[in-house]
Structure formats: C-alpha cells, structure tokens
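Okay, thanks for squeezing me in, everyone. Let me put the structure up, and then we'll walk through a handful of spots.

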Amino acid sequence: EIPSKDFHDSLQKFETLNGGPVVLDGELLVSFNGKIQERRIGNGIINKASKGTMSAAEAKSIVFDMWDIVDADDYFINQKSNTPYSERFKKLSELTQKIESTQLRVIESTVVNSFEEANAIAKKYMSLMLEGAIVKNFNTKWSYTRSKEQIKIKGVHQNEMIVVGVAEGKGRNVGKLGALECESNCGKIRV
C-alpha cells in the first residue's frame with residue numbers, strides 16, 4: 001500500500017465525487033523535482049511499498065498518471081461499460097481537477113485526424129525519452145478484453161552491443177552470473 005495519506009485520501013475522493021466506487025486505469029511513476037525517473041528506478045521505489053520499506057519522501061514522489069475511469073460494477077461485475085471513452089475521459093479530467101492533487105494526474109491527450117498526426121506526436125514523446133503514444137477511438141466502450149480500438153505507437157531501436165563486464169547474481173544467485181554489462185560501439189549507451 002502506498003504510505004502517503006494524501007495519495008490515499010485523494011483516491012478516496014474519486015469515489016465520493018463519483019457517488020460510488022470506481023476503477024482508475026493508469027500507471028504509477030516516480031518524480032523527483034518534476035522529472036519522471038526511469039522505469040528501473042521508479043519501479044524499485046514503488047516495490048518498496050509492498051515491503052513496507054518506502055520512506056515518506058519516496059511516497060510523496062509517486063504520481064499516478066491516469067487515462068481511464070470505469071465504474072466498479074462495470075469493471076468487476078459486468079466486465080463492460082456502455083459509456084464511450086470520450087465521456088469517461090471527460091469525467092476523469094473533471095474529477096481530477098476537483099481533487100487538486102499533485103500526485104494524481106490525467107495523461108496528456110491530443111485529438112488527431114490522421115496516422116501522420118498520431119505518428120508525429122509519438123515521435124515527440126519518444127524524443128522526450130517516453131515510450132510513445134496510444135491512439136484511442138473516442139467512441140470505444142470499455143470491456144474486460146484487449147481492445148482493437150486502440151493502437152500503441154512506439155519505436156523499436158536496434159543496436160549492436162559489446163559485452164564489457166559481468167555482474168554477480170544477488171540473493172540465492174550469489175556466485176552465479178547475474179547480468180551482462182554491455183556498451184554501444186560509441187560508448188554512449190550502457191546497459
């Protein structure tokens with residue numbers, strides 16, 4: 001559980017303002033000084049919550065970027081909603097604005113009219129070191145299955161790497177190979 005009381009209270013306000021329980025769809029990220037941390041670092045901090053080792057400062061660094069809201073009965077019982085995505089997104093935006101939390105944010109959304117426009121936005125996000133973009137049909141009804149009414153646009157990059165070292169395993173894998181340390185030919189990328 002996320003130990004920040006403000007975060008927890010803000011989530012509870014969704015149910016109060018909605019007049020009943022909801023399911024919020026999004027992702028937890030970690031932000032220090034307004035900069036989203038890389039997934040590896042962020043996930044490590046978020047995982048501390050389940051172990052009970054997260055500090056108060058780390059709890060306050062967690063942000064929930066949301067892109068959908070579904071009534072709990074539609075999610076858990078009906079496993080579908082007849083409310084179009086445009087209405088759900090509008091509701092999510094309005095409720096989030098009323099809550100005024102710095103830890104709950106509605107993901108940026110842009111209406112596009114062509115694949116070229118969508119691709120340009122995805123390229124912009126990738127230039128900011130984000131994964132890309134998701135194109136959604138605003139008329140889509142929510143269902144508990146993978147939707148064919150949305151597509152993910154993200155880049156695929158190939159690069160040859162040179163193994164420059166090895167890391168020992170941790171925990172029960174001490175004494176074994178844990179990971180390969182690799183570097184690009186230019187030396188700018190290291191994994």
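Let's begin with a quick one: in which loop is N33 found? Have a look while I say that what you see is a predicted model. Right, N33 sits in the loop that joins β1, residues 22–32, to β2, residues 35–36. What caught my eye there is the backbone: phi of N33 is near 50°, so to speak on the positive side, and this is a residue other than glycine. As for cover, N33 counts as exposed because its relative accessible area is 84%, and the cut-off for exposed is over 50%.

There's another one like that on my list. Q79 also has a positive phi, near 55°, and again we're talking about a residue other than glycine. You'll find Q79 in the loop between α4, which covers 72–78, and β4, which covers 80–84. So is Q79 buried, exposed or partly exposed? With a relative accessible area of 39%, Q79 falls between the 20% and 50% cut-offs, so the label is partly exposed.

Okay, zooming out for a second. The protein chain has six helices and 10 strands. Along the principal axes, its C-alpha atoms fill a box of roughly 55 × 45 × 35 Å. The chain runs to 191 residues, and 30% of them count as buried.

Now over to the surface. Which residues make the nonpolar patch? They are V163, V166, L177 and L180, and together they give a patch of about 390 Å². Two elements supply two or more residues each to that patch: β9, at 161–168, and β10, at 177–184. Let me pick out L177, which has its place in strand β10. L177 has 58% relative accessibility, and since anything over 50% is called exposed, L177 counts as exposed.

Last stop, for the pocket people. I'm going to the second largest pocket, with a volume of about 160 Å³. What lines the second largest pocket? The lining is E38, R40, M129, R190 and V191. If you sort that lining by residue class, you get three charged residues, two nonpolar ones and no polar ones. For anyone setting up a grid on this model, that's the list to keep: E38 and R40, then M129, then R190 and V191.

That's my tour. Shout if you'd like any of those views back on screen.

Conventions
Residues are numbered from 1 along each chain as its sequence is written. This is a predicted model: local features need pLDDT of at least 70, side-chain atom pairs count only at pLDDT 80 or more; totals for chains, interfaces and linings use all residues. Side-chain values use heavy atoms; hydrogens and water are left out. Patches are made of residues with over 30% relative accessible area and no salt bridge: like charges are joined within 9 Å, nonpolar side chains (Val, Leu, Ile, Met, Phe, Trp, Tyr) within 5 Å. Accessible areas come from the Shrake-Rupley method with a 1.4 Å probe; for residues, only the protein chains shown count as cover. A salt bridge is a side-chain nitrogen of Lys or Arg within 4 Å of a carboxyl oxygen of Asp or Glu. Helices (H or I, at least four residues) and strands (E, at least two) are DSSP runs, numbered from the N terminus. Buried means under 20% relative accessible area, exposed over 50%, partly exposed in between (1.4 Å probe, protein chains only). On a 1 Å grid over the protein atoms alone, a cavity is a set of points where a 1.4 Å probe fits but cannot get out, and a pocket is an open set with protein on both sides within 12 Å along at least five of seven lines; lining residues have an atom within 4 Å of a point. Grid points are joined across faces, edges and corners, and a volume is the space filled by probe spheres set on the points. Ala, Val, Leu, Ile, Met, Phe, Trp, Tyr, Cys and Pro count as nonpolar, Asp, Glu, Lys and Arg as charged, and the others, Gly among them, as polar.
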